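Please open the structure in your viewer and keep the sequence beside it. The tour proceeds by selections, each followed by a short account of what is found there.

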Amino acid sequence: MILQINGEPRSFPDPASPAQFMLAALVEALDMKSDRVAIELNREIVPRDLWSQTPLKDGDHLEIVHFVGGGSYVLKGRGFQLRRKAAQNKLPALAAHPAMHSSS
């Protein structure tokens, strides 16, 4: 079974019939702490209480975000990569914004 996880293909053994590969089993296989993970499956966020009832199938697309103190990490290849906050990457510093220097 091939799953697209955070834009990268990952291979997993096909489940033995009639068993199915559930989302909860994927979280466990990736050695993630379920209370610190948010998962989107095929563009739909899956509530944590439905993971054990959500089967995965070949070709599914998942976005997995793993939260940690001080920021969040995204699954990248076989490990995690820091996802920087938008304020650090894309937004200009407030002090540099022209509206902050106007006097009224």
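Which residue takes a positive phi in the hairpin of β1 and β2? Select asparagine 6: its phi is positive, near 50 degrees, and the hairpin has two residues between its strands. Please bear in mind throughout that this is a predicted model.

**The whole chain**

Now show the entire protein as a cartoon. Two helices and seven strands are present, and from the N terminus the order of elements is β-β-α-β-β-β-β-β-α. The protein has 104 residues, of which 26% count as buried. Its accessible surface is about 7,500 Å², and carbon and sulfur atoms contribute 53% of that area. Among contacts with a separation of 6 or more, 49% join residues 24 or more positions apart.

**Strand β1 and its partners**

Select residues 2-5, which form strand β1, and display the side chains. In a regular strand, side chains alternate between the two faces of the sheet. Here Leu3 and Ile5 point to one face and are buried, whereas Ile2 and Gln4 point to the other face and are not buried.

Add residues 8-11, strand β2, to the selection. The pairing of β1 with β2 is antiparallel and comprises four bridges. Within it, isoleucine 2 has serine 11 of β2 as its bridge partner.

Next, select residues 61-68, strand β5. With this strand, β1 pairs in the parallel sense, over two bridges. Isoleucine 5 has leucine 62 of β5 as its bridge partner.

**The nonpolar core**

In soluble globular proteins, nonpolar side chains tend to be buried together. The largest nonpolar core of this model has 18 residues; select Leu3, Leu26, Leu56, Leu62 and Ile64, which touch the most other members. Two or more residues of this core come from each of β1, α1 (23-29), β3 and β5.

Centre the view on leucine 56. If neighbours within four places in sequence are left aside, leucine 56 is in contact with Met1, Leu3, Phe21, Met22, Leu23, Leu26, Leu41 and Leu62.

**An aromatic pair**

How many aromatic pairs does a search of the whole structure find? The search finds one. Select phenylalanine 12 and phenylalanine 21: their ring centres are 5.7 Å apart and their planes stand at 40 degrees, so the pair is described as tilted. Both phenylalanine 12 and phenylalanine 21 are buried.

**A salt bridge**

Side chains of opposite charge can pair when their charged atoms come close. The count of salt bridges in this model is one. To view it, select aspartate 60 and lysine 57, whose side chains meet with an N to O distance of 3.2 Å. Is each partner buried or exposed? Aspartate 60 has a relative accessible area of 3% and is therefore buried, while lysine 57, at 51% relative accessibility, counts as exposed.

**A loop residue**

Finally, select arginine 43, in the loop between β3 (37-41) and β4 (44-45). Arginine 43 counts as exposed because its relative accessibility is 76%. Add glutamate 63 to the selection: it lies 20 residues from arginine 43 along the chain, and the C-alpha atoms of the two are separated by 8.2 Å.

Methods. Residues are numbered from 1 along each chain as its sequence is written. This is a predicted model: local features need pLDDT of at least 70, side-chain atom pairs count only at pLDDT 80 or more; totals for chains, interfaces and linings use all residues. Side-chain values use heavy atoms; hydrogens and water are left out. Rings of Phe, Tyr and Trp (its six-membered ring) pair if their centres lie within 6.5 Å; planes under 30 degrees apart count as stacked, over 60 as edge-to-face and the rest as tilted. Buried means under 20% relative accessible area, exposed over 50%, partly exposed in between (1.4 Å probe, protein chains only). A salt bridge is a side-chain nitrogen of Lys or Arg within 4 Å of a carboxyl oxygen of Asp or Glu. Two strands pair if DSSP finds at least two bridges between them. Contact means heavy atoms within 4.5 Å. Accessible areas come from the Shrake-Rupley method with a 1.4 Å probe; for residues, only the protein chains shown count as cover. A nonpolar core is a set of buried Ala, Val, Leu, Ile, Met, Phe, Trp, Tyr and Cys residues joined through side-chain atoms within 4.5 Å.
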